[in-house]
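The following paragraphs lead through selected features of the structure shown below. They begin with a single residue and then turn to a sheet and the helices that accompany that sheet.

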Amino acid sequence: MMKSPKIILRYVLGLVGVFGVGFVLLVGLHFSFMELLARFNRDLENERSRIAIGEVIIANVNQIERNYYQLATTSASSRSVELIYAKTQVFFAHIDQAFTVFKNGGSLTVTTRLNEEGMQDFVRTITYVPNEDDVLEVIDIRPKVQEVKERMQAIAYLVAKRNSLIRSGDQAALPEVQDEIVIFFKKSSAHFVRLHENANRLYYQGHKNLERLQGEISRRKSYYTRIALGVNAAIIFGVLVICWLIARQIYAAHSQLDFVSKEMEKAKKQADVANKIKIDFLATMSHEVRTPMNIIVGMTGLALETQLTPTQQRYLTRIQGAGEILLGLLDDILDFSKIEEGQLELADQPFDLKELVDAVVEVVKMQARQKGIALVAHVAETPWVPKGDPVRMRQILLILISNAVKFTEKGQVVIEARLEELDAERLLAVITVQDSGVGIAKEQLASIFDIFAQGDASVTRKYGGTGMGLAISNQLATLMGGEITVESKVGQGSIFTLSLPMLKASSRPVHRVSGAVGQGPRPAGNLDILVVDGDGDQQEIAKALLEKAGHRVKGAANGLEGLRCLAKFQYDMVFLALHMPVLDGREAALDIRAFERGDAVERGELGYDSDWLAARLHGQHTFLVAVSDQPQYTDQAMGQDSLFDDHIGKPYTKDALVQSVNRLTGLG
């Protein structure tokens, strides 16, 4: 049992699983890194805001320091001192706002002046989120700003006092105030130095944090890249391993399939050989069984011609009917074996559709009359002459009409036939057989054309049959390029339709009712007849039946013996069995026709009889009748072979023999 497909399915599912897990890992890793990167970017932006706040504080401290020393050089005008002091308070306010954002977080508007004509100041808003370290830095720098602010107030007071003394002309107090201002300014430099240091530390720390974050981002990116490469490598490795396993399984499955295919081919060849042996055996056995059955039927017919009691008459009639049924079954088996082997040959000859249908109806008429069933046939008039195989058509129709009569208890069977023109060269023969019988169930319609298939088992038990008839007729129709369709309802009957395409014939069919042109006058009264048949029993039956019809009959065991009989005596008619030892019927017929034409015949076995045959047969025409174990074969042979004047099939029957004699000689 092959397990490879299931294993391959598991591997495929594993491959899908590897792809799925790898995809989930990569997506998760990607989103995780993106979230981390977003957090780092927020931290970077926060540090840039921190640096910007430090820059704001430093810039305002520088402005305050500039204004602080500018007070020393102001004029005596108190207005100048007030303006400088007012500007300084604005700078202190900016520093306080920066401290507030630095401590509590928030937004801060930063204005950068551009020293370029026609360009406006660059204004941007920064947002800052504080952290714990920032509080310590604010605590450390803010007192220094407060000290500078207080000293700014003090120096503004001293400068304003100096300017007041200058305006009042009080020269006595002025030196003391000026000295105090000088000393105050000297002590102020240290405050501004410490303030600048603290502010620069804030700025420096921001840059340091920024560098740290950028380095961390770089490291995280490198780490993420390594992990992603590792996951991709693992996925690729897993895929390659699974693909290798799948390839190995596919190779194993292919090898197994190749082995199975070879085994199946081997088994098929063995089955074909066995089937051929079976078919050959079937055909051989059918022939072997048919020979004694012919004797049984023939001898029974002879016995029925004798004086019998009613009981003996009834028994022999039953025996003869059963024998004819068995012969029909054997014919079906032989046809089936030929179809199976593709050896069935189809004739191609003109025929009369009406005569064909009437002939089949005539055969089945007695069966219908015994059951009290009306058998009606309608054949549409047509100007065309069809060309095909009338023997096989007759066989199909016989099966369809016989079945219709068999499965009909009361009512009628109607046969309708017509020819339809397909084009300038082709015709379509359509023949329907409609009965009022038991019908066929819908679920059984699909199988009625299968070999040995029948409908309801109860119907089979009642009416009998093997189920081969419809199968053979359907196969024959298919071989002839046509089809058989059926419509049926249980209890209402069935309609079988045979549709066969065929060519148009250019002339009417030739009916062989007499010998060939140039033959001598037809003999009258009792005839001298030669029966050439290698089967002694069959030969005896034929002789007895012909003698009862009033003819003089001689027998011969093979074709060579038949030629010697013709050399010694003039016979009006010769029945030639086609299959005989030494010399078969066809070879004997070829020699007879050659002698009649005056041709040289090389047949050394005849010896001096050749001269007698040449003298007796030259210019004559002897009626030759082909006799075959299969009537269908001889029908085809007669359609294309000019050797024989007529044909019949075995078993020999009085009707077949007498009708053949009458057809050729015009007797009766």
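Is leucine 245 buried or exposed? In this predicted model, leucine 245 has a relative accessible area of 17%. Buried means under 20% relative accessible area, so the residue falls in the buried class. Leucine 245 belongs to helix H4, which covers residues 174–304. Along the chain, leucine 245 and valine 12 are 233 residues apart, yet a distance of 9.8 Å separates their C-alpha atoms.

Attention now passes to the sheet. An open sheet is formed by 5 strands, arranged in the order E11-E10-E12-E13-E14, with parallel pairing. The edges are occupied by strand E11 (552–556) and strand E14 (646–649); each has a single partner strand, and therefore one side of each is left without a neighbour in the sheet. On average, neighbouring strands of this sheet are turned by 20 degrees against each other, direction ignored.

Within this arrangement, strand E10 (residues 528–532) and strand E12 (residues 573–577) run parallel and are joined by 4 bridges. Across this pairing, leucine 530 stands opposite valine 574 in E12.

Helices accompany these strands. Helix H12, comprising residues 585–597, lies across E12 and strand E13 (623–628), and runs at about 145 degrees to E12. Helix H15 (residues 654–665) also packs on the sheet, where it touches E10, E12, E13 and E14. The direction of helix H15 makes about 175 degrees with that of E14, the strand that stands at one edge of the sheet.

Key: Residues numbered from 1 in each chain as written. Predicted model: local features only at pLDDT ≥ 70, side-chain atom pairs only at ≥ 80, totals over all residues. Heavy atoms only, no water. Pairing = 2+ DSSP bridges. Helix = DSSP H or I, 4+ residues; strand = E, 2+ residues; numbered from the N terminus. Axes fitted to C-alpha atoms, helices over the stretch in contact; angles between N-to-C directions. Contact = heavy atoms within 4.5 Å. Buried < 20%, exposed > 50% of the residue type's maximum accessible area, 1.4 Å probe, protein only.
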